[in-house]
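Colleague: I keep hearing labels thrown around for this one, and I'd like to know what stands behind them. Can we go through a few?

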Amino acid sequence: MKKPASDEFKEVVLESGITVKPVYGPDDVRDIPYGEEIGRPGEFPFTRGIHPFMYRKRPWTMRQYSGFGTAPETNQRFKWLLQQGQTALNVAFDLPTQLGLDSDDPFAEEEVGRVGMAIDTLRDMEEAFTDIPIEKISTSLTINPVASVMLAMYLAVAEKQGIPWKNVRGTTQNDILKEYIGRGTWIFPIKPSIRLIGDMVAFCSDRVPRFNPFSVCGYHIRESGATPVQEIAYAFEIAATYIREVLDRGIPIDRFAGRIAFNFDIFGNLWEQVAKFRAGRRLWAKVIRERFGAQNPRSMILRMIAGGGGGGLTIQQPENNIVRGAYYALISALSGTQTMALCSYDEAYTIPSKKAALISLRTMQILADEMGLTDTVDPLGGSYYIEWLTREMEKRIVACMEEVEKYGGMVKAVEDGYIQKEVSRQAYMKEKKIQSGEFVKVGVNKYVMEEETPQIEFHPFNPGVVEEQKKRLGEIKASRNEKEVGDALLALKQTAQTDENVMPHILKAVKCYATLGEITGVFKEVFGKFKEPIGL
Amino acid sequence: MDKNGMQSGKRIRVMIAKPGLDGHDTGAKVVAYALKDAGMEVIYTGLHRTIDEIVRTALEENVDVIGLSIYSGAHLPLSEKLMGRLEAEGLTDTMVLVGGNIPQKDMEALKGYGVTEVFPVGARLDDIVSFIKKKVEE
């Protein structure tokens with residue numbers, strides 16, 4: 001075959017640095033053995049999917065992120081989403097809650113109830129889940145440094161509703177390492193923060209076996225600028241860090257690895273993302289088996305939510321984001337994710353309106369029910385290009401993981417700010433490419449239009465929410481047993497100073513309505529605060 | 001002023017600040033890199049700064065420009081607070097720019113507080129650089 005002159009085609013280089021040929025064929029995949037490297041769905045190394053029949057048996061879970069204002073307001077939105085056919089909840093907390101501050105903390109004031117709901121005490125959590133059958137749904141709590149406290153509150157609610165903990169399903173995001181890299185809700189230094197994660201895994205593996213105590217988020221690392229390769233590589237190195245923490249407590253890998261969950265991003269080049277997920281599944285299975293010696297195949301599966309895509313949405317021509325969302329959902333479905341969530345088209349501006357949230361949900365439902373995405377497993381498997389690209393992605397992810405290990409592991413790399421710098425440099429380089437037009441974004445640097453102010457319905461922020469939440473908190477404080485609270489906090493402090501598991505003591509404290517801020521205050525006293533490495 | 005952001009031999013000093021609890025720092029860092037590449041001296045505060053801390057740093061570092069980056073929706077109260085504190089400290093010459101997730105409808109209010117310019121998501125890096133250079137020269 002005559003080779004085309006190089007100037008005949010525009011060079012195609014993926015974000016991960018892989019150069020794409022115009023045509024692929026059998027020669028490109030000849031040395032990828034089906035049995036060992038691809039395999040049947042539901043079997044090691046799980047390249048094609050973690051279950052033998054995937055969506056044919058059960059479509060992906062649809063879980064939109066939501067929450068705002070006070071717990072009763074959020075409760076209304078939750079009920080509405082469940083009525084619309086959503087099958088799980090993903091709870092958004094406001095920033096003070098995410099950072100362990102009570103609503104009456106002076107540093108919290110401007111942020112109470114803004115980007116999620118405010119939780120100060122167990123009373124708020126009770127109201128958020130009033131009349132919601134929590135044994136029938138799985139709930140994802142998007143919370144990190146104080147995940148232990150939110151888990152305790154959620155379990156206390158279950159107890160009050162008469163639901164045994166062994167039936168409680170859900171996930172606490174609880175991935176603190178990625179918070180230092182992107183997203184920024186960190187409080188304590190790295191090591192005690194990881195200890196809290198270990199405490200939660202130990203507690204759940206014993207008492208709440210269907211709960212995922214942490215979900216490792218490549219998502220936010222990618223949103224902060226990382227390439228798809230870095231997204232997976234850093235997430236795996238983070239997961240490995242938590243695994244070592246749990247193994248150090250003498251808990252065998254097969255006891256908890258089956259409960260490890262991941263959260264990944266879906267915007268970007270379609271093929272690159274699909275290959276990323278297939279490579280990720282294969283590599284994770286190998287890492288768990290080879291590096292950590294797992295025996296049970298259930299320990300080796302990469303269970304994930306693949307969703308969001310916020311980083312791909314644009315402020316310009318916002319309705320285009322509806323179309324982008326549909327393609328991102330397609331990526332997610334072709335990737336064999338277990339759970340899907342979509343950023344809504346107005347999300348570059350505001351908390352999604354009901355209308356926008358509904359369009360996102362319908363997008364996923366249309367894919368599942370109209371387009372045949374649930375007909376057969378891994379429909380792109382066996383494609384010359386996809387199998388070749390899956391292997392290329394895997395190689396690069398391995399190399400990137402080795403870089404982190406060579407640096408001294410994830411804890412050191414984050415403590416020093418090495419990862420943060422890698423990711424923010426990447427973000428800067430990409431922004432420059434967008435601004436020069438080299439990296440095309442429709443409506444931003446191509447097909448640009450003079451726009452009227454777009455018709456976006458802004459989520460109304462109710463400034464009264466601060467006062468209302470302060471009042472609710474004041475009432476609880478006035479009615480609780482102060483001695484009980486003081487004793488519980490003291491016991492918690494004493495436990496935090498030892499190696500003993502803090503979870504039972506957090507539970508005790510939340511049940512007597514100690515506030516989130518009081519419990520966090522105890523940890524701040526014992527653990528201190530994280531010092532951010534600031535280097536550009 | 002020359003192309004390296006030097007003005008009568010002195011480099012323009014810019015502080016990029018993240019006030020409050022919002023942890024979205026990618027935009028702040030991207031702008032910081034762009035200003036550095038344009039030859040300016042950039043001080044980045046890191047996350048979770050109080051307005052008082054930001055004003056103190058502005059005083060200590062003797063900056064020409066403060067760039068506030070806010071994505072949480074709390075830009076109005078935070079900017080108003082900052083402008084009040086700057087005035088109380090006599091830092092009325094310091095140029096304040098606001099960036100982040102800022103709706104069109106809030107631009108006028110921000111300028112009313114004394115913010116010089118707003119560069120919301122989607123703003124061009126070149127525009128930010130040339131705006132600062134031009135204004136400092138004035």
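Colleague: What makes K355(A) and D369(A) exposed residues on the face of α15(A) turned away from its buried side?

Modeller: Keep in mind that this is a predicted model. A residue counts as exposed if 12 or fewer other C-beta atoms lie within 10 Å of its own. K355(A) and D369(A) are exposed by that test, and the face that carries them points away from the buried side of α15(A).

Colleague: And which residues of α15(A) are the buried ones?

Modeller: Here the bar is 20 or more other C-beta atoms within 10 Å. A356(A), A357(A), S360(A), L361(A), T363(A), M364(A) and L367(A) are the buried residues of α15(A).

Colleague: Why do you say that the buried residues line one face of the helix?

Modeller: Look down the axis of α15(A): the buried residues fall within an arc of 145°, so they line one face. What they pack against is β3 (61-62), β4 (65-66), α14 (320-334) and β12 (339-340) of chain A.

Colleague: How does the reach of α15(A) sit with what is expected at 1.5 Å a residue?

Modeller: Helix α15 (residues 354-369) of chain A has 16 residues, and the expected span is 22 Å. From first C-alpha to last, α15(A) reaches 22 Å, close to that expectation.

Colleague: Over to the other chain. Why is chain B called as compact as a globular protein of its length?

Modeller: For 138 residues the globule rule gives 14 Å, and the radius of gyration of chain B is 14 Å, close to the rule, so the label holds. Its C-alpha atoms fill a box of roughly 35 × 35 × 25 Å along the principal axes, and 49% of the 138 residues count as buried. Among contacts in chain B with a separation of 6 or more, 72% are between residues 24 or more positions apart.

Colleague: What is chain B built from?

Modeller: Chain B has 5 helices and 7 strands, in the order β-β-β-α-β-α-β-α-β-α-β-α from the N terminus on.

Colleague: How many residues of chain B are in contact with chain A, and what is the cut-off?

Modeller: Contact needs C-beta atoms within 7 Å. On that basis, 28 residues of chain B are in contact with 29 residues of chain A. α1(B) gives the most to the chain B side, with 6 residues. By class, that side has 13 nonpolar, 10 polar and 5 charged residues.

Technical notes:
Residues numbered from 1 in each chain as written. Chains lettered and ligands numbered in written order. Predicted model: local features only at pLDDT ≥ 70, side-chain atom pairs only at ≥ 80, totals over all residues. Contact = placed C-beta atoms within 7 Å. Helix = DSSP H or I, 4+ residues; strand = E, 2+ residues; numbered from the N terminus. Nonpolar A, V, L, I, M, F, W, Y, C, P; charged D, E, K, R; others polar. Rg over C-alpha atoms; globule rule 2.2 N^0.38 Å. Expected span 1.5 Å × (residues − 1). Arc of directions from axis to C-beta.
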